[in-house]
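Trainee: Could we go through this model together, with a reason given for each term we use?

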Amino acid sequence: MGKLTLNDLTIDEKLRLLCSNGFWYTMDFGGKIPAVSVSDGPVGVRAERKNAQGETITLPSVSYPSTQSLANTWNTDCARLMGECLADDCYEKNVDILLAPGVNIKRHPLNGRNFEYFSEDPYLAGHMAKSYIEGVQSQGIGTCLKHFCCNNLEYNRFEQSSEVDERTLREIYYVPFEIALKAKPVSMMSAYNRVNGRYASENKKGFKVLREEFGFDGAMYSDWEAVRDRTVSAKAGCDIEFPFNQKNYDNLVKDFEEGKITEAEIDECAARVLSLAERCKEMQKGKGVKRTVENRLDAAQKIAEESMVLLKNDERILPVKKGTKVALFGCYAKPEKDMIAGDGSSKVVPLNKDFDLQTLLEKELGVKIPFESMYYYNKVLGTNGYAHWAAKPHLGRNYAAECEMNIICVGTGAPFEYEAGDRTDMRLPAVQERAILDLARINPNTVVVIFAGSPIDVSAWESKVKAIVYAGFCGERGSNALSNILCGKANPCGKLSETFPVNFECTSVNGTYTDTAVTCYSDGLDVGYRYYGRHREAVKYPFGYGLSYSEFAYSDLSIKADGLDAEVSFTVKNISDAYGKEIAQVYVSECSPKVYRPLKELKGFVKTALKAGESKKLSVKLDSRSFAYYSVADDGWTVNDGVYEIIVGSSCEDVKLIAKVKIKNGKIN
Ligand code: BGC
């Protein structure tokens with residue numbers, strides 16, 4: 001089939017091209033043009049197909065750690081690796097384009113889809129997404145960057161309007177898209193919500209920014225069933241409506257006949273759909289599955305290991321020494337598949353169902369480990385409102401008292417974190433909190449493992465336990481990763497990609513969840529750590545925080561500048577006797593700004609592996625954007641002359657090194 005142009009299509013075909021073929025395909029007119037097949041999603045391929053009986057089934061696929069967990073690695077190589085593996089999964093299921101990644105900012109800790117997004121920080125989210133896209137597309141499979149934009153809450157998601165000022169859009173909500181677009185995703189998806197009153201699928205102004213300023217050259221899709229008026233959305237630049245909607249299509253045809261949309265306007269969208277099909281065909285030439293399924297599962301485990309965050313480790317209770325008599329508690333230790341994943345379009349049917357921490361720990365520690373599941377999500381297991389272990393002392397209570405250490409697995413899972421609704425509480429279900437407190441009372445050597453996709457309010461029990469590991473939604477090899485972390489075969493090296501506030505009341509969004517139709521982004525630029533810093537609000541665990549079994553020392557900060565480009569160099573030394581990885585973060589702060597600015601903002605990071613005693617000189621590159629703000633007065637990025645702090649930290653609060661630079665006449669000196 002030669003390359004077709006718009007001239008080869010009739011107007012009827014061009015109109016039809018603007019609407020998909022069913023749920024997951026673009027139109028091919030019986031083979032006249034190549035069809036494109038799309039599938040979710042960010043953490044594994046959720047390909048829906050018909051079985052022999054004509055029923056729709058989801059094909060099993062490798063289940064990787066959630067996007068939140070991936071972000072907690074702060075490792076762009078992990079994002080690239082996951083992308084490459086996902087491309088292989090796509091080939092096996094005849095999928096041309098993966099509907100991922102999602103880069104929306106985590107403005108609201110209760111957002112039901114937080115587990116599907118990277119971070120509260122646009123720089124981190126953008127760079128992780130960019131590498132993920134590069135990974136997928138380097139293997140010839142397309143990506144779809146979503147959901148443009150300001151999709152930060154699920155509540156009333158088809159209608160609610162995210163009301164955001166221009167500067168905040170430019171500096172916070174657009175940035176992850178802007179950075180990720182450098183990887184040239186073949187497509188994007190608009191969001192469900194409205195943005196400043198306009199449905200996201202009709203966001204002409206936003207689409208113009210994407211195409212004319214951020215270099216987006218692919219096709220724009222609607223989110224599924226998000227289109228209200230196909231004509232208005234096509235005129236705005238939404239190229240394909242998914243899934244096919246007969247009524248919307250009929251109206252589009254009618255509107256064309258009545259002159260409400262011109263052939264030139266139809267052509268603009270149709271041309272992009274045509275070139276999407278050509279581009280996908282070109283990209284796949286000479287490519288195909290590269291890794292075995294086992295390799296991909298190993299990759300899923302490696303990413304999970306890098307993503308887990310050690311939040312607390314008093315008296316260095318972790319790692320657990322061989323032979324330690326451990327008792328294991330909580331249904332999440334042997335979860336049903338829904339317990340370690342969020343629900344909705346990103347939910348994957350994993351290949352393996354055997355997530356069994358007990359067996360893995362027994363093997364690693366060389367001891368028999370008693371296990372009691374205690375609860376099922378938010379329900380006590382047992383009779384008379386008591387758990388077995390409470391009602392029958394020979395079970396859990398004895399284990400907890402007799403063993404040297406309790407490990408209790410708690411969390412959320414699909415019934416709490418899902419698309420189309422938000423969490424109602426940042427705390428764990430009461431039964432889980434009570435179980436932690438009871439165990440800790442019986443034996444203070446209690447370690448808590450949290451399986452979740454968003455921040456948890458730990459204040460009810462945190463001070464009573466010795467250690468906390470945030471395992472996230474860690475994918476189907478998560479138990480292997482966790483067992484390695486707990487037993488010291490792997491050294492924790494993840495850091496939080498979003499703040500863990502003390503509780504919901506101290507977040508910037510407390511009390512803003514009141515209007516059914518409008519969310520006013522009154523916090524402006526002060527999202528996440530930018531808010532807590534500005535308002536001197538204490539947090540439980542700051543952005544960028546995470547402990548290790550190693551310890552690191554920072555020294556020798558130096559800055560080499562050329563115009564507004566700067567190379568920030570410093571040395572990190574592993575001052576412990578354990579091999580480990582550190583994530584060094586570089587923040588920039590304008591000391592005496594002439595416009596409102598966040599107190600500090602992440603502008604670079606580097607993750608490095610260090611042997612015991614080893615030191616390395618690391619460097620992070622800054623450029624003019626690292627110092628700039630978006631001037632609404634001038635419609636562009638501006639760097640003010642003045643003094644700036646370059647802050648090197650191991651979290652946004654744990655500052656290790658600071659240097660000041662002066663910018664004069666647009667140059668660092
Ligand atoms: C979600 C998208 C997803 C699409 C297709 C929508 O409900 O918002 O993220 O890609 O469904 O499953």
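Mentor: Let us begin with a helix pair, keeping in mind that this is a predicted model. Thr76, Ala79, Arg80, Met82, Gly83, Glu84, Leu86 and Ala87 of H3 meet His127, Met128, Ser131, Tyr132, Glu134, Gly135, Val136 and Ser138 of H4.

Trainee: What makes these residues of H3 and H4 count as meeting?

Mentor: Contact requires heavy atoms within 4.5 Å, and the listed residues of H3 and H4 are therefore the ones counted as meeting under that cut-off. By class, the residues of this contact between H3 and H4 divide into 7 nonpolar, 6 polar and 3 charged.

Trainee: How is the packing of helix H3 and helix H4 described?

Mentor: Two packed helices are described by the angle between their axes and the distance between the axes. For H3, residues 76–92, and H4, residues 122–138, the angle is about 35° and the axes are 7 Å apart. The crossing in which H3 passes H4 is right-handed.

Trainee: Turning to the ligand, which residues are closest to it?

Mentor: The ligand is surrounded by 14 residues, and the closest are Asp40, His147, Tyr192, Asp223 and Glu419. This shell around the ligand divides into 5 nonpolar, 2 polar and 7 charged residues.

Trainee: Why are the approaches of Arg46, Lys146 and Glu419 to the ligand called polar contacts?

Mentor: A polar contact is a pair of N or O atoms within 3.5 Å. An N or O atom in the side chain of Arg46 is 3.1 Å from an oxygen atom of the ligand, a polar side-chain atom of Lys146 lies 2.9 Å from a ligand oxygen, and one of Glu419 lies 2.7 Å from a ligand oxygen, so each pair satisfies the cut-off. The protein also covers 94% of the 310 Å² of accessible area that the ligand has on its own.

Trainee: Which peptide bond at Asp40 is cis, and where does its partner lie?

Mentor: The bond from Asp40 to Gly41 is cis, with omega near 5°, and Gly41 lies in the loop between strand E1 (38–39) and strand E2 (48–50). Ala100 and Pro101 are also joined by a cis peptide bond, with omega about 5°, and Pro101 is found in the loop between strand E4 (97–98) and H4.

Note on methods
Residues numbered from 1 in each chain as written. Predicted model: local features only at pLDDT ≥ 70, side-chain atom pairs only at ≥ 80, totals over all residues. Heavy atoms only, no water. Axes fitted to C-alpha atoms, helices over the stretch in contact; angles between N-to-C directions. Helix = DSSP H or I, 4+ residues; strand = E, 2+ residues; numbered from the N terminus. Left-handed = near helix turned anticlockwise from the far one by under 90°. Nonpolar A, V, L, I, M, F, W, Y, C, P; charged D, E, K, R; others polar. Near = heavy atom within 4 Å. Polar contact = N/O pair within 3.5 Å; in protein donor to acceptor, adjacent residues only side chain to side chain. Areas by Shrake-Rupley, 256 points an atom, 1.4 Å probe, with all protein chains shown as cover.
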